[in-house]
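Hi,

Here is the structure I promised to pass on. Have a look at it first, and then read on for what I found in it.

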Amino acid sequence: MITMDDIIRDEHPTLRTVAEEVSFPLDDQFKNLASDMIEFLKNSQDEEIAEKYDLRAGVGIAAPQLNISKKILAVHIPAELEGSEPLSLVMINPKIMSHSVQRTALQDGEGCLSVDELYEGFVPRNKRITVQYYDLDGQKVKKRFKGYPAIVIQHEIDHLNGILFYDHINEQDPFMIPEDMDIFEEDE
Ligand SMILES: CC(C)(C)[C@H](NC(=O)Nc1cc(F)cc(F)c1)C(=O)N(CC(=O)NO)CC1CCCC1
Ligand SMILES: [Zn+2]
């Protein structure tokens with residue numbers, strides 16, 4: 001099982017590397033990796049298991065965070081957080097095909113499983129995104145996301161391109177709210 005010891009931390013060069021596309025048919029090792037990533041997120045959200053293995057409650061993780069520079073990410077958002085039903089998915093070679101002009105930012109800023117320091121400030125994200133990706137069976141999927149899932153998915157896709165959340169924070173005024181950006185309200 002994946003634990004926090006498997007997650008590399010900021011300044012590790014792999015976090016600043018553009019990950020490689022994965023080729024199909026998918027090698028078994030990547031199928032296993034994908035299920036291990038989902039299992040980690042589920043474990044991290046289970047109070048007992050998280051306590052026992054000292055896991056940070058995670059909603060998403062990207063392969064580079066495990067020092068595997070491949071374009072694979074996993075998202076597992078519990079129902080109460082997502083607003084309606086839980087969202088659990090693995091994306092292979094994801095690409096944002098289009099997005100809204102409107103942007104949004106989480107009121108409390110963002111953190112990262114790979115960043116132990118606190119970086120305060122709004123992280124502007126596209127409010128709505130259309131993502132093209134491949135699922136574990138190699139099926140091409142094109143799906144629109146908005147709200148919290150859209151934020152999590154953009155955070156994870158950034159990892160595949162060597163980008164960390166604090167790269168987006170305005171250095172002059174971390175809490176500035178540009179014209180085209182609103183503050184994300186949970187109940188959206
Ligand atoms: C960095 C961390 C604080 C652990 C963050 N979790 C989180 O924001 N809230 C959370 C987690 C749960 F599991 C259940 C719950 F209800 C709330 C997170 O997983 N990530 C994912 C990450 O680091 N991926 O690389 C950071 C989030 C910042 C915005 C989107 C993802
Ligand atoms: Zn992260």
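Let me start with the make-up of the ligand site: the shell around ligand 1 divides into eight nonpolar, seven polar and three charged residues. Keep in mind while reading that this is a predicted model.

Which residues come nearest to the ligand? Of the 18 around ligand 1, those are Val59, Gln65, Leu113, Glu156 and His159. If you go by secondary structure instead, helix 4, which covers residues 147-160, gives the most to this shell, with five residues. The space that ligand 1 takes up is the largest pocket.

Now the polar side of the site. Two of the pairs to look at involve the protein backbone. At Val59, a polar backbone atom is 2.9 Å from an oxygen atom of ligand 1. At Gly60, a polar backbone atom is 3.1 Å from a nitrogen atom of the ligand. A side chain takes part as well: an N or O atom in the side chain of Gln65 is 2.8 Å from an oxygen atom of ligand 1. As for how well covered the ligand is, taken alone it exposes 640 Å², and the protein buries 83% of that.

Next, a pair of residues that I'd look at together, Thr14 and Asn67. Their side chains make a polar contact with each other, at 2.6 Å. Thr14 is in the segment before helix 1, while Asn67 is in the loop between strand 1 and strand 2, so you can follow the contact from one segment to the other. Is each partner buried or exposed? Thr14 counts as buried because its relative accessibility is 12%, under the 20% cut-off. Asn67 has a relative accessible area of 40%, which lies between 20% and 50%, so Asn67 is partly exposed.

Asn67 is worth a second look for its backbone too: its phi is positive, about 60°, although the residue is not a glycine. Asp54 does something along those lines, with a positive phi near 55° in a residue other than glycine. You'll find Asp54 in the loop between helix 2 (47-53) and strand 1 (60-62). Asp54 has a relative accessible area of 60%, and since that is over 50%, it is exposed.

One more backbone item, this time a peptide bond: the one from Phe24 to Pro25 is cis, with omega near 0°. Pro25 sits in the segment before helix 1 (28-44). Why flag these spots at all? Because most residues other than glycine have a negative phi, and most peptide bonds are trans.

Two strand residues to finish with. Asn126 is in strand 5 (residues 125-126), and its side chain makes a polar contact of 3.3 Å with the side chain of His99. With a relative accessible area of 15%, Asn126 falls under 20% and is therefore buried.

Ile77 is in strand 2, which runs over residues 72-77. This residue counts as buried because its relative accessibility is 0%. If you'd like a distance to check in your viewer, try Ile77 and Glu47: they are 30 residues apart along the chain, and their C-alpha atoms are separated by 15 Å.

Over to you.

Cheers

Definitions and conventions: Residues are numbered from 1 along each chain as its sequence is written. Chains are lettered from A and ligands numbered from 1 in the order in which they are written. This is a predicted model: local features need pLDDT of at least 70, side-chain atom pairs count only at pLDDT 80 or more; totals for chains, interfaces and linings use all residues. Side-chain values use heavy atoms; hydrogens and water are left out. A residue is near a molecule or strand if one of its heavy atoms lies within 4 Å of it. A polar contact is a pair of N or O atoms within 3.5 Å; within protein, one must be able to donate a hydrogen and the other to accept it, and residues adjacent in sequence count only if both atoms are side-chain atoms. Accessible areas come from the Shrake-Rupley method with a 1.4 Å probe; for residues, only the protein chains shown count as cover. On a 1 Å grid over the protein atoms alone, a cavity is a set of points where a 1.4 Å probe fits but cannot get out, and a pocket is an open set with protein on both sides within 12 Å along at least five of seven lines; lining residues have an atom within 4 Å of a point. A molecule sits in a cavity or pocket if more than half of its atoms lie within 2 Å of its grid points. Helices (H or I, at least four residues) and strands (E, at least two) are DSSP runs, numbered from the N terminus. Ala, Val, Leu, Ile, Met, Phe, Trp, Tyr, Cys and Pro count as nonpolar, Asp, Glu, Lys and Arg as charged, and the others, Gly among them, as polar. Buried means under 20% relative accessible area, exposed over 50%, partly exposed in between (1.4 Å probe, protein chains only).
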